[in-house]
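Visitor: Could you take me through one part of this model closely, and then follow the connections outward? Please keep it brisk.

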Amino acid sequence: MTATSPSAALAPPFIPLCEPLLAGNEWPYVKECLDTGWVSSVGAFVDRFERSLAAVVARRHAVATVNGTAALHVALLASGVQADDEVLVSTVTFIAPANAVRYIGAWPVFIDAEPVYWQMDPVKAVEFLERRCVWKDGTLRNRDSGRRVRAVMPVHILGHPVDMTPLVETARKYGLVIIEDATESLGAQYHGRAVGSLGDIAAFSFNGNKLITTGGGGMVVTDDETLARRVRHLTTQAKDDPVEYVHGEIGYNYRLTNVLAALGVAQLEQLDLYLTRKRQIAARYHEAFRDILGLRSPVEAPWARSAWWMYAVLVDEPTFGMSARCLLRVLGEDRIQTRPLWEPMHRSRAHAGAQHTDCSVADTLVRDGLCLPCSVGLEPAHQERVIERIRTRAARER
Ligand SMILES: *Cc1c(COP(=O)(O)O)cnc(C)c1O
């Protein structure tokens, strides 16, 4: 036993934002890798992880990658997006998809979020394609930049799907590739179809805070065998021959190791359980916040089944009596970890100068958004403490 100082004994336990739960077959599967020596990027768990994930999202092919950013990078490359092409990307997102577009020398055009579900606004995206671009000689060109628009990359943020139908219809009309950034929304559904199966190709992430984790990892999924082969080729240094070291182009070392895939297989076995837990956590917050003025819970669209990966609320300062950033600070003092949403891409210095639609909705979301603790293993008593602390800070209740 170690001695505990009186103050430490009194401090309430730290409640993290979102931490992994590794309570399934992770140990035996990883042990199997170590016992058999199959630790590197070839192995039975890599195949199994790919097959299981493909089955979960109802796609024919899956290729495991070293992380989600690499998955997006190769998805763009395999789709034929080239330097100086343009790609429509959500402005409210973690920065990875925008960066991936720049890795190949293409340019993102940032699209605002819609105010109800906070996803890429299909109306603004379609309006950009129809009004700000011109169709000439079989190519869609941005009127302002003169560049070719080649792809649309909607990001299903926080676990909720983007309203895809208008995007898909317009993209098909102009021959644009649809690359889903599904990294935050494994297990979500759009009109009963799995997120990740709604476009031409999609990327998943298994980073530490995602719904399932391999520590770090990613996956590209597609129904198109040519695309899948191309992705596999590019992720293995574009080696042309199984024996000889001959390469016809620049490739990447982007493969996931068998040890990490073993974690992935074990995690994926628990996906349904995790989705149920996330849904319960969301439902409890939703119920608890109904009578707090100035606190808006996220909404699930009638056409959607959210994975509820991250639970974010909007804090309206005038009615709640405190800004989201201020609430973040005071909850932090109570040892409750929360996080703001990401700086929107149209304001990021990393992507300064990028073209964007009107992004007024994004600006509001990012000012008011606050992500609350929602680990799959979040204890009910801990969630009650989060709720109680927020309630105490609220200026008024209904
Ligand atoms: C997590 C994430 C990624 C990929 O992240 P990796 O850490 O590279 O696995 C990509 N896009 C979004 C929106 C994400 O949240």
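Guide: We start in a loop. Aspartate 137 sits between β4 (133–136) and β5 (139–142). The model is a predicted one. Phi of aspartate 137 is near 50 degrees, which is a positive value in a residue other than glycine. Aspartate 137 counts as exposed, at 72% relative accessibility.

A second residue invites the same reading. Glutamine 237 has a phi near 60 degrees, again positive in a residue other than glycine. Its place is the loop between α8 (225–235) and α9. Glutamine 237 is partly exposed, with a relative accessible area of 39%.

That loop leads on to α9. Helix α9 covers residues 258–269, 12 residues in all. At 1.5 Å a residue, α9 should span 16 Å. The C-alpha atoms at its ends are 17 Å apart, which agrees. How much of α9 is buried? The count is 10 of the 12 residues, so the helix is largely enclosed by the rest of the structure. The buried set runs Asn258, Val259, Ala261, Ala262, Leu263, Gly264, Val265, Ala266, Gln267 and Leu268. These residues pack against three helices: α2 (26–36), α3 (44–56) and α10 (271–289).

Follow α10 next, to a sheet. The sheet is open and has 4 strands, in the order β12-β14-β16-β15, with antiparallel pairing. Its edge strands are β12 and β15 (339–340), each pairing on one side only. Helix α10 packs on this sheet and touches β12, β14 and β16. The direction of α10 makes about 20 degrees with that of β14.

Now look at β14 itself. This strand spans residues 311–315. All 5 of its 5 residues are buried, so β14 is largely enclosed by the rest of the structure. Both faces are covered. Tyr311, Val313 and Val315 are buried on one side. Ala312 and Leu314 are buried on the other.

Which strands flank β14? On one hand there is β12 (residues 295–296), which pairs with β14 in the antiparallel sense over 2 bridges. In that pairing, leucine 314 of β14 is the bridge partner of arginine 296. Then there is β16 (residues 369–372), antiparallel to β14 over 4 bridges. Valine 313 stands opposite leucine 370 in β16. Tyrosine 311 has leucine 372 of β16 as its bridge partner. Strands of a sheet pair through backbone hydrogen bonds, either parallel or antiparallel.

One more check concerns the cysteines. A disulfide is a covalent bond between the sulfur atoms of two cysteines. How many disulfides does a search of the whole structure find? It finds 0. Cysteine 374 is in no disulfide, and its nearest cysteine sulfur, that of cysteine 18, is 4.6 Å away. The cut-off for a disulfide is a pair of sulfur atoms within 2.5 Å. Cysteine 374 counts as buried, at 1% relative accessibility.

Cysteine 359 is also unpaired by distance. The closest cysteine sulfur to its own is in cysteine 133, 15 Å away, too far for a bond. Cysteine 359 is buried, with a relative accessible area of 5%.

To recap the route: it began at exposed aspartate 137. It passed along α9, with 10 of its 12 residues buried. Helix α10 then led to the sheet, where it touches β12, β14 and β16. There β14 has both faces covered.

Note on methods:
Residues numbered from 1 in each chain as written. Predicted model: local features only at pLDDT ≥ 70, side-chain atom pairs only at ≥ 80, totals over all residues. Heavy atoms only, no water. Buried < 20%, exposed > 50% of the residue type's maximum accessible area, 1.4 Å probe, protein only. Pairing = 2+ DSSP bridges. Expected span 1.5 Å × (residues − 1). Contact = heavy atoms within 4.5 Å. Axes fitted to C-alpha atoms, helices over the stretch in contact; angles between N-to-C directions.
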